[in-house]
Amino acid sequence: METTKSALASFVLAMVVYPEVLQKAQEEIDRVVGVDRLPQLEDRDQLPYIECIVKEALRWSASIPLGIPHCLTEDDEHEGHTIPKGSTVLSNIWAMTRDEEIDPDASTFRPERFLNMDAKTAERTDPRATVFGFGRRTCPGRYFADANIFMVVASMVATLNIAKARDSKGQVITPSVEFHSGMTRYPPEFTCNITPRSQRAEDMVSKMLTSLLD
Ligand code: HEM
């Protein structure tokens, strides 16, 4: 839960700080899904920009920044360094998601970095190959988490406006982009203004909730 929450809170923070990303995402949803139904998992292949937002939210949040410690079951060698059996190894996932040699400007939320890549580059830079850990203990929830995050992102983009809030004096509140870091990494609480995108969107969500409760 903490990891999915971290990726989704990072997504909401990004929508507040980078409104042009939300606008582009809403244009894609309106074009592909329309305004008469909610997005489904089956729409995923036709929503490349939403896909890039999911990747960027996973990259930007790096929810378990140092992974979970692994213990070597045999001696190993890495770039000339001997690592004896029994050593505890931490994988610096945070650094891997911020490799400025692959892509500068790593601290900016920029889904476009994943657009128009050839298949080889897309595979090499896909954050899903790093943020879920490595080897035999790779996160078993990764496919569920990925699909879940896609559905939440697509549904929120389709039905909500996410914007900066105003304080009691009417001043716009711009949340600062920062992350708590420890075993998990996530943005601290921030203020924003989330409203239904339209009456039609509100009705669709109400209808869906009513059918779930029936
Ligand atoms: C954004 C969402 C998520 C991220 C970034 C994430 C990341 C990770 C990472 C980095 C590890 C350590 C892997 C390693 O040792 O190399 C891990 C382990 C694990 N994750 Fe996730 N996870 C996420 C969601 C989930 C979900 C939704 C579930 C369950 C439904 C889940 C269940 C687990 C379990 C059980 C382990 C321990 C596996 C083991 O040690 O054998 N995770 N996860």
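## Helix 2 against helix 3

The axes of helix 2 and helix 3 cross at roughly 140° and come within 8 Å. That crossing makes helix 2 oblique to helix 3. Axes are lines fitted to C-alpha atoms, for helices over the stretch in contact, and angles run from 0 to 180 degrees between N-to-C directions. Angles under 35 degrees count as roughly parallel, over 145 as roughly antiparallel, 65 to 115 as roughly perpendicular and the rest as oblique. Helices (H or I, at least four residues) and strands (E, at least two) are DSSP runs, numbered from the N terminus.

This is a predicted model: local features need pLDDT of at least 70, side-chain atom pairs count only at pLDDT 80 or more, and totals for chains, interfaces and linings use all residues. Residues are numbered from 1 along each chain as its sequence is written, and side-chain values use heavy atoms, with hydrogens and water left out.

Which residues of helix 2 and helix 3 meet? From helix 2 come V21, K24, A25, E28 and I29. From helix 3 come P48, Y49, I50 and I53. Contact means heavy atoms within 4.5 Å.

## Helix 1 against helix 3

Helix 1 packs on helix 3 at an angle of about 110°, with the axes 8 Å apart. That makes helix 1 roughly perpendicular to helix 3. S6, A7, S10, F11, L13 and A14 are the helix 1 side of the meeting. I53, A57, L58, W60 and S61 are the helix 3 side.

## Helix 3 itself

Helix 3 covers residues 48-61. At 1.5 Å a residue, its 14 residues should span 20 Å (1.5 Å times one less than the number of residues). Its end C-alpha atoms are 20 Å apart, which agrees. Helix 3 is mostly covered, with 13 of its 14 residues buried. Buried means under 20% relative accessible area, exposed over 50%, partly exposed in between (1.4 Å probe, protein chains only).

## The nonpolar core

The largest nonpolar core has 36 residues. F11, I50, F109 and V153 have the most contacts inside it. Helix 1 (2-17), helix 2 (19-32), helix 3 and helix 6 each give two or more residues to this core. Such a core is a set of buried Ala, Val, Leu, Ile, Met, Phe, Trp, Tyr and Cys residues joined through side-chain atoms within 4.5 Å.

Neighbours within four places in sequence aside, F109 is in contact with A14, M15, Y18, V21, I53, E56, A57 and W60.

## Two positive phi angles

Most residues other than glycine have a negative phi. A62 is not a glycine, yet its phi is positive, at about 35°. A62 comes just after helix 3, in the loop before strand 1 (70-71). At 1% relative accessibility, A62 counts as buried.

D105 is not a glycine either, and its phi is about 70°. D105 sits in the loop between helix 4 (93-96) and helix 5. At 37% relative accessibility, D105 counts as partly exposed. Residues up to four places away not counted, D105 touches E100, R110 and R113.

## The iron site

Which residue is the only protein donor of the iron atom of the ligand? C139 is, through SG at 2.3 Å. C139 lies in the loop between helix 5 (119-125) and helix 6 (142-159). Donors are N, O and S atoms within 2.8 Å of the metal (3.2 Å for Na, K and Ca); water is not among the atoms, so sites may look incomplete.
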